[in-house]
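Me: I am new to this structure and would like a close look at a single part of it, with enough of the surroundings that I can find my way. Could you take me there step by step?

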Amino acid sequence: MRSIAVINQKGGVGKTTSSVNLAAALARAGRRVCVMDLDPQAHASLHLGITAIDGEATMYEVLCGEATLADARQQVDENLFVVPSNLDLAAAEMELACEVGREMILSDKLADDNEDFDYLILDCPPSLGVLTINALVAVSEVFLPLQPHFLALHGLSKLLRTIEVVSRRMNNRLRLSGVVLCMYDSNTRLAAEVSTDIDEFFTTSKDSREFFRDAKFFDTRIRRNIRLAEAPSFGKSIFDYSRESNGAVDYQSLAEEVIAQEAIRAETEAEAARVAA
């Protein structure tokens, strides 16, 4: 199973849109996918048509020990599941602050879960608090959505340092494995310049930064598309809302690149096994 945290501490860069629509595209490709909504705003849940009501288990109950992942998980489409969130999750930040081993809670819950998925995608809140750290400890990969704009890059170094510290101290499996540009406007020079700067940064830094040495700067650019903005209000992924739109085309292309990583990884592991033998 590939476990992926989609993370950026800046809001409005396409994090939830990418989490939901990448998951939907992978599910359409025949992969079993579970989205875990770790954002108290519950936008990923709403995007998939789930509104948590009183009495239903959510991510809050899971993290506070009142429910299992199986209790909270809901199926929303063929091959596609979600563990929803609601505003109660905001209280978890405070309630878990003094908990011993609070960074490991989600990891322990996943270890106890017997459901088999091909992909686990965690939509993280736009912060670097307890919820995000739990996600980073629980997964093996990070996808970083970025908007090709100067302000969207502000704080990137702090985010990378956080991932690196978690990788070094709490989860040595953790790697930044993908960077995707969202809200891309090919008609602006700024988008092209920022894209080039990001690409050069990751290319030149790979040798000195182990945790993103194998990171892929995805070729797919998620273009600005009004259909992507409209889909959440209908509780649908872009494929159910407007499957012929540019948004659907782009996320389908992104999913194909993500799936292609599987083959590359398998070849790398096979080569390592041959060398070891």
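Reply: The secondary structure of the chain comes to 13 helices and eight strands. The radius of gyration of the chain is 18 Å, close to the 19 Å that the globule rule gives for 277 residues, so the chain is as compact as a globular protein of that length. This is a predicted model, and every value below should be read with that in mind. Along its principal axes the C-alpha trace spans about 50 × 50 × 35 Å, and buried residues make up 51% of the 277 residues in the chain. Among the contacts with a separation of 6 or more, 79% are accounted for by residues 24 or more positions apart. The accessible surface comes to about 13,000 Å², and 49% of that surface belongs to carbon and sulfur atoms.

The part to look at closely is strand E2, and the sheet is the place to begin. Eight strands form an open sheet with mixed pairing, and their order is E3-E4-E2-E5-E1-E6-E7-E8. Strand E3 (74–77) and strand E8 (216–223) are the edge strands, each of them pairing on one side only, and from one strand to the next the twist averages 25°. Strands of a sheet pair through backbone hydrogen bonds, either parallel or antiparallel.

In the order of the sheet, E2 stands between E4 and E5. With strand E4 (residues 80–83), E2 pairs in the parallel sense over four bridges, and within this pairing valine 82 of E4 is the bridge partner of valine 35. With E5, the pairing of E2 is again in the parallel sense, over five bridges, and here methionine 36 stands opposite leucine 122 of E5. Beyond E4 comes the edge strand E3, which runs antiparallel to E4 and is joined to E4 by three bridges; in that pairing, glutamine 75 stands opposite phenylalanine 81 of E4.

How enclosed is E2 itself? Five of the five residues of E2 are buried, so this strand is largely enclosed by the rest of the structure. In a regular strand the side chains alternate between the two faces of the sheet. In E2, Val33, Val35 and Asp37 point one way while Cys34 and Met36 point the other way, and all of them are buried.

Two helices help to show what surrounds the strand. Helix H1 (residues 15–28) lies across E2 and also across strand E1 (2–6), E4, E5, strand E6 (141–146) and E7, and H1 runs at about 165° to E5. In helix H6 (residues 105–112), the residues Ile105, Leu106, Ser107 and Leu110 are buried, and the buried residues of H6 pack against E2 and E5, as well as against helix H3 (59–63), helix H4 (69–72) and helix H7 (130–138).

From E2 the chain continues into the loop between strand E2 (33–37) and helix H2 (43–47), where alanine 42 lies. The phi angle of alanine 42 is near 60°, a positive value in a residue other than glycine. Alanine 42 has a relative accessibility of 8%, and because this is under the 20% cut-off, alanine 42 counts as buried.

On the E5 side of E2, one residue deserves separate attention, namely aspartate 123, which is placed in strand E5 (residues 119–123). With a relative accessible area of 0%, aspartate 123 is buried. Not counting residues up to four places away in sequence, aspartate 123 touches Met36 and Asp37, together with Val6, Lys15, Thr16, Ser19, Leu38, Asp39 and Ala44. Two of its side-chain partners can be described in more detail: the side chain of aspartate 123 makes a polar contact of 2.9 Å with the side chain of threonine 16, and a polar contact of 3.2 Å joins the side chain of aspartate 123 to that of serine 19. Although aspartate 123 and serine 19 are 104 residues apart along the chain, their C-alpha atoms are separated by 5.9 Å.

To return to the starting point, E2 is a strand whose five residues are buried, paired in the parallel sense with E4 and with E5, while H1 lies across it and the buried residues of H6 pack against it.

Conventions. Residues numbered from 1 in each chain as written. Predicted model: local features only at pLDDT ≥ 70, side-chain atom pairs only at ≥ 80, totals over all residues. Heavy atoms only, no water. Helix = DSSP H or I, 4+ residues; strand = E, 2+ residues; numbered from the N terminus. Buried < 20%, exposed > 50% of the residue type's maximum accessible area, 1.4 Å probe, protein only. Contact = heavy atoms within 4.5 Å. Polar contact = N/O pair within 3.5 Å; in protein donor to acceptor, adjacent residues only side chain to side chain. Pairing = 2+ DSSP bridges. Rg over C-alpha atoms; globule rule 2.2 N^0.38 Å. Areas by Shrake-Rupley, 256 points an atom, 1.4 Å probe, with all protein chains shown as cover. Axes fitted to C-alpha atoms, helices over the stretch in contact; angles between N-to-C directions.
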